[in-house]
Structure formats: structure tokens, C-alpha cells
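Trainee: I would like a close look at one part of this protein. Please pick a stretch and walk me through it slowly.

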Amino acid sequence: MIDIYSVIEDIRFKTSLLESLEWDEDLLETFLIYFDNEMRSGSNIERLLNEIKDNFNEHVLKVVIELFKEEASEIDNYLSIDKGEH
């Protein structure tokens with residue numbers, strides 16, 4: 001599961017999110033609380049992505065999709081190493 005607090009420590013994602021929210025730090029905090037709650041509750045990813053697009057904007061959606069892709073890549077790498085593929 002994505003740990004939103006480690007994500008926000010990643011300056012690249014924090015900057016991307018802030019930029020996508022037009023540098024509104026209050027809105028960033030609102031988004032992070034929302035996103036963290038949704039991830040912890042096991043929210044349906046398709047519904048979550050649609051809500052992000054509808055309630056925030058498409059730029060935030062793109063940042064989140066990139067985050068998911070990176071997380072999936074890390075999991076794939078881990079599983080490949082675990083199976084002795086690397």
C-alpha cells in the first residue's frame with residue numbers, strides 16, 4: 001500500500017502535486033488527507049481516480065497515476081528478485 005507520508009517527503013511528488021493544485025498548500029493538505037483516507041480504507045482504484053479527477057483536477061490525477069505506476073514497478077522488481085529473476 002502507498003504510504004502517503006513517505007510520498008509527500010519525496011520532493012518531486014510534493015512539487016508536482018503543489019504545482020497541479022496551483023501552489024495552494026491548504027488544498028494540498030486537503031488532498032493528502034482525502035487520499036490517505038481512501039488508500040487506508042481500500043477504496044476501489046477506478047472510483048478513486050475518477051473522484052480525484054472530478055474533485056481536484058486532471059493534473060492531480062496524472063500525478064497520482066504516475067505514483068501508482070512507480071509503486072507497481074517497485075513491487076514488480078521486488079517480486080522478480082524474490083523469484084530469482086534478477
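Mentor: Happily; we will start with the whole chain, settle on helix 2 and the loop after it, and end with the aromatic rings.

This is a predicted model, in which local features need pLDDT of at least 70 and side-chain atom pairs count only at pLDDT 80 or more, while totals for chains, interfaces and linings use all residues. Residues are numbered from 1 along each chain as its sequence is written, and side-chain values use heavy atoms, with hydrogens and water left out.

The protein chain has 5 helices and 0 strands (DSSP runs numbered from the N terminus: H or I of at least four residues for helices, E of at least two for strands). Of its 86 residues, 34% are buried (buried is under 20% relative accessible area, exposed over 50%, partly exposed in between, with a 1.4 Å probe and protein chains only). Take the contacts (heavy atoms within 4.5 Å) between residues at least 6 apart in sequence: 50% of them join residues at least 24 apart.

Now to helix 2, which spans residues 11-20 and has F13, L17, L18 and S20 as its buried residues. These four lie on the same side of helix 2, because they cover an arc of only 165° around the axis (taken from the directions from the helix axis to the C-beta atoms). On the other side of helix 2 you will find I11 and E19 exposed. Do look at R12 too: its charged end sits over the ring of F13, 4.7 Å from the ring centre (the rule asks for NZ of Lys or CZ of Arg within 6 Å of the centre and within 35 degrees of the ring normal).

S20 deserves a pause. Its relative accessibility is 8%, so S20 counts as buried. The side chain of S20 reaches the backbone oxygen of L17 at 2.8 Å. Once neighbours within four places in sequence are set aside, S20 is in contact with N57, H59, V60 and V63.

Then comes the loop between helix 2 and helix 3 (25-40), where E22 is found. W23 has its place in that loop as well. Most residues other than glycine have a negative phi. E22, however, has a positive phi near 55°, and W23 has a positive one near 65°. E22 is exposed, with a relative accessible area of 70%, and W23 is exposed at 52%.

Past the loop, helix 3 holds both F31 and F35, 4 residues apart, about one turn of the helix. Their rings form a stacked aromatic pair, 5.5 Å centre to centre with 20° between the planes (Phe, Tyr or six-membered Trp rings pair with centres within 6.5 Å; planes under 30 degrees apart are stacked, over 60 edge-to-face, the rest tilted). F31 and F35 are both buried. F31 also pairs with F56: the ring centres are 5.0 Å apart and the planes stand at 85°, so this pair is edge-to-face. It links distant parts of the chain, with F31 in helix 3 and F56 in the loop between helix 4 (45-55) and helix 5 (58-82), 25 residues apart. F56 is buried, as is F31. Together, F31, Y34, F35, F56 and F68 form one aromatic cluster.

Notes
Polar contact = N/O pair within 3.5 Å; in protein donor to acceptor, adjacent residues only side chain to side chain.
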